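Reader: I should like to understand how this protein is built. May we look at the structure together, step by step?

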Amino acid sequence: MSEGRGKRLSVFVASTFIDEVRIELAAAFDVTLATRGGDPVGELVERSDRGEAFDVIVFSLDVPMGGDVIRSLPADVRALATYSVGTDHIDFEAAKERGLAVFNTPGVLADSVAENAIFLMLGAARRATESIELLRGGEWAGWNPTQLVGVQLAGRTLGILGLGDIGERIAMRARALGMEILYCNRHPLPADHPVGGGYRSTVGELVSESDVLILACPSTEETRGIVDDALLSQSKAGMILVNIARGDVVDDDALIGALQSGHVWAAGLDVFAGEPRVDPRYFGLPNVFMVPHIGSSTIEARLGMGRILIDGIIGWKAGRDVTNRAG
Ligand code: DGY
């Protein structure tokens, strides 16, 4: 480490964070904030060429750490700390080859992301997009028994793909709404696990029994594009799909086709393949309720994410095992 044990670590902050997080980072480390929005890693390399040394880079999803980027990092850099629970923007092989420690933010955002999942599920079920457009467009002609008939969630079955920290919190909230819970993971939870729920070992089984499917899995080789024509053809007619995972878990052509035909009755989307680009066909679908990747955008999650990174980096420097070491 550039400043030796016991001294403050030198941290390059490559993404922009809320003031509270920047203040807490600056209290813990010698912080340099990137000034060049579009190319923070290029700036880091230039600063390093001029003699500045950085131990750790703190960044987020907006700074992809692919293999080439990681290999271009100055030799002083010893750790990457991503302000996200997702790590699909990091090439772990390249990080390992370079001997870099990797930290992320598990747990602390799970409640906020779960709340967003419930919000999207309710919005999709109760036709929020059409309701908002009707009111804001000044078109509402008054209550009548046929307007905007949605579906009630109580009594319906929720299938969760990926029952980790976030999926568990979704399950607890959905049960309070009166839903039955099914889930698909690599392995079933222990029988005495408080979340309970019925385990289904394949996604096909899960969708064939689910009225609502919530995607809460990481984006991996196994899950990318998993929601495709073949899977949707096994789903219950009239299913609602909610994606709070990553956009690339869904094949957009397949989902859009199913939304157009009504086989998927509605969708609630927080994430999109190729963000910030959004497939424009979604904008023409009134049965899509969507928000711009705001799952963890609460003050509680934002503060928690900063703090878990700070604690993880400090613990790592002190030689302790830390809970948020991702690689
Ligand atoms: C994550 O943490 O991976 C979210 O998608 C953004 O907070």
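Reader: In what order do the strands of the open sheet of 7 strands lie?

Author: The model is a predicted one. In this open sheet the pairing is parallel. The strands at its edges are S8 (198-199) and S12 (288-290), each of which pairs on one side only. Read across the sheet, the order is S8-S7-S6-S9-S10-S11-S12.

Reader: How many bridges join strand S6 to strand S9?

Author: Strand S6 covers residues 157-161 and strand S9 covers residues 212-215. Within this pair, Gly159 has Leu213 in S9 as its bridge partner. The two strands run parallel, and the number of bridges that join them is 4.

Reader: What angle does helix H5 make with strand S11?

Author: Helix H5 consists of residues 110-125 and packs on the sheet. Among the strands that H5 touches are S6, S9 and S12, together with S10 (239-243) and S11 (264-269). The direction of H5 makes with that of S11 an angle of about 145 degrees.

Reader: Which strands does helix H10 touch?

Author: Helix H10, residues 252-261, also packs on this sheet. Its direction makes about 130 degrees with that of S11. The strands touched by H10 are S10, S11 and S12.

Reader: Which peptide bond is cis, with omega near 5 degrees?

Author: Most peptide bonds are trans. The loop between S11 and S12 contains Pro276. The cis bond, with omega near 5 degrees, leads from Glu275 to Pro276.

Reader: What is the phi value of Leu148?

Author: Most residues other than glycine have a negative phi. Leu148 is located in the loop between helix H6 (128-136) and S6. Its phi is positive although the residue is not glycine, and the value is near 45 degrees.

Reader: Let us turn to the other sheet. Why is one side of strand S2 and of strand S5 left without a neighbour in the open sheet of 5 strands?

Author: The order in this sheet is S2-S1-S3-S4-S5, with parallel pairing. Strands S2 (30-33) and S5 (101-103) therefore stand at the edges. One side of each lacks a neighbour in the sheet because each has a single partner strand.

Reader: Which residue in S5 stands opposite Ala81?

Author: Strand S4, residues 79-82, pairs with S5 in the parallel sense. This pairing extends over 3 bridges. The residue in S5 that stands opposite Ala81 is Phe103.

Reader: Across which strands does helix H2 lie?

Author: Helix H2 is formed by residues 40-49. It runs at about 145 degrees to S1. The strands across which H2 lies are S1 (10-13), S2 and S3 (56-59).

Reader: What distance separates the centres of domain 1 and domain 2?

Author: Domain 1 comprises 10-108 + 299-317, while domain 2 comprises 110-290. Where the domains meet, 7 residues of domain 1 are in contact with 5 residues of domain 2. Taken over C-alpha atoms, their centres are separated by 32 Å.

Reader: How much of the area that the ligand exposes when taken alone does the protein bury?

Author: The residues around the ligand include Leu61, Ser84, Arg246 and His293. Oxygen atoms of the ligand lie 2.7 Å from a polar backbone atom of Val85, 2.8 Å from a backbone N or O atom of Gly86, and 2.5 Å from an N or O atom in the side chain of Ser296. Taken alone, the ligand exposes 230 Å², and the share of this that the protein buries is 88%.

Note on methods:
Residues numbered from 1 in each chain as written. Predicted model: local features only at pLDDT ≥ 70, side-chain atom pairs only at ≥ 80, totals over all residues. Heavy atoms only, no water. Pairing = 2+ DSSP bridges. Contact = heavy atoms within 4.5 Å. Axes fitted to C-alpha atoms, helices over the stretch in contact; angles between N-to-C directions. Near = heavy atom within 4 Å. Polar contact = N/O pair within 3.5 Å; in protein donor to acceptor, adjacent residues only side chain to side chain. Areas by Shrake-Rupley, 256 points an atom, 1.4 Å probe, with all protein chains shown as cover. Domains from an automatic or database assignment.
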